[in-house]
Amino acid sequence: MTLTGEFFAFMSLALVAVIGGVLLLNLTKVIHMVVALVFTFVSIAGIYVLLSAEFLAVIQVMIYSGAITIMMLFGIMLTRHHGDEAEPKGGILRKLALLLGVIGFGAAVYFGIYDLNFEAVPNTLHENNTEQIGVSLFSHYIIPFELTSVILLAALVGAIVLARRDDDKEGDQE
């Protein structure tokens, strides 16, 4: 293993992504959770830049860090999540077990891929990658692409329906 600037950049971005994911799961305020999610998305965009996939990095920032995060924030606020419900916090034993599990998983992945030796195959993935993504997306993956958009629309409509039901119940009680 050679220690290069690219390696340190990758490790830093990967660490920020993991920390953002862990904070997303452990924070209680919705705004803090969304900010942690944005850190994760932006660090993943940085990893895309390191892989010479600049188009994916820009799309990652525009769609996930911008649009999806805002849509999630609206969805959470529409469902009246106040974040003040007293959820039982895990004890120190649970947190220690979680930390050991994360360290064990990281060690298993590290030792699993440490001795892997992939044959260097010349490829053209970094050349015209935007065109390659477009051709692949609209020729081979058009059905999953459209299904994803339908699922996202259904989630947004579901959040609105849930929010309207709460308004109707509160109106009947008054």
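In which helix is Gln 60 found? Gln 60 sits in helix H3, the stretch covering residues 54–78. The model looked at here is a predicted one, and Gln 60 is a handy way into it. With a relative accessible area of just 7%, Gln 60 is buried, because anything under 20% goes into that class. Its side chain gets to the backbone oxygen of Phe 41, at 3.4 Å. Setting aside residues up to four places away in sequence, Gln 60 touches Phe 41, Ile 44, Ala 45, Tyr 48 and Ser 65.

Stepping back, here is the overall picture. The protein has six helices and zero strands, so reading from the N terminus the elements simply go α-α-α-α-α-α. There are 174 residues, and 13% of them count as buried. What about contacts between residues at least 6 apart in sequence: what share of them joins residues at least 24 apart? The figure is 65%.

Next comes the pairing of H1 and H2. Two packed helices are described by the angle between their axes and the distance between the axes. Helix H1 takes in residues 5–26 and helix H2 residues 30–50; their axes come within 8 Å and cross at roughly 155°. That angle makes H1 roughly antiparallel to H2, since the cut-off for this label is over 145 degrees. As for handedness, the crossing of H1 and H2 is left-handed. On the H1 side, the contact is made by Glu 6, Ala 9, Phe 10, Leu 13, Ala 14, Val 16, Ala 17, Gly 20, Gly 21, Leu 23 and Leu 24. H2 brings Met 33, Ala 36, Leu 37, Phe 39, Thr 40, Ser 43, Ile 44, Gly 46, Ile 47 and Leu 50 to the contact. Sorted by character, the residues of this contact come out as 15 nonpolar, five polar and one charged.

Val 16 gives a view of that contact from one residue of H1. Is Val 16 buried or partly exposed? Val 16 is partly exposed, because its relative accessible area is 35%, between the 20% and 50% limits. Once neighbours within four places in sequence are left out, Val 16 is in contact with Phe 39 and Ser 43, both of which are listed on the H2 side of the helix contact. Val 16 also pairs up in space with Thr 40: the two are 24 residues apart along the chain, yet their C-alpha atoms are separated by 6.6 Å.

The loop between H2 and H3 holds Ser 52. Most residues other than glycine have a negative phi. Ser 52 goes the other way, with a positive phi of about 65° although it is not a glycine. Ser 52 counts as partly exposed, at 32% relative accessibility.

Which residues does Asn 129 contact, leaving aside its neighbours within four places in sequence? They are Ser 52, Ala 53, Glu 54 and Phe 55, so the loop residue with the positive phi turns up again here. Asn 129 itself belongs to helix H5, which spans residues 129–139. At 13% relative accessibility, Asn 129 counts as buried. Its side chain is also joined to that of Thr 130 by a polar contact of 3.5 Å.

Note on methods
Residues are numbered from 1 along each chain as its sequence is written. This is a predicted model: local features need pLDDT of at least 70, side-chain atom pairs count only at pLDDT 80 or more; totals for chains, interfaces and linings use all residues. Side-chain values use heavy atoms; hydrogens and water are left out. Axes are lines fitted to C-alpha atoms, for helices over the stretch in contact, and angles run from 0 to 180 degrees between N-to-C directions. Helices (H or I, at least four residues) and strands (E, at least two) are DSSP runs, numbered from the N terminus. Angles under 35 degrees count as roughly parallel, over 145 as roughly antiparallel, 65 to 115 as roughly perpendicular and the rest as oblique. A crossing is left-handed if the near helix is turned anticlockwise from the far one by less than a right angle, and right-handed if clockwise. Contact means heavy atoms within 4.5 Å. Ala, Val, Leu, Ile, Met, Phe, Trp, Tyr, Cys and Pro count as nonpolar, Asp, Glu, Lys and Arg as charged, and the others, Gly among them, as polar. Buried means under 20% relative accessible area, exposed over 50%, partly exposed in between (1.4 Å probe, protein chains only). A polar contact is a pair of N or O atoms within 3.5 Å; within protein, one must be able to donate a hydrogen and the other to accept it, and residues adjacent in sequence count only if both atoms are side-chain atoms.
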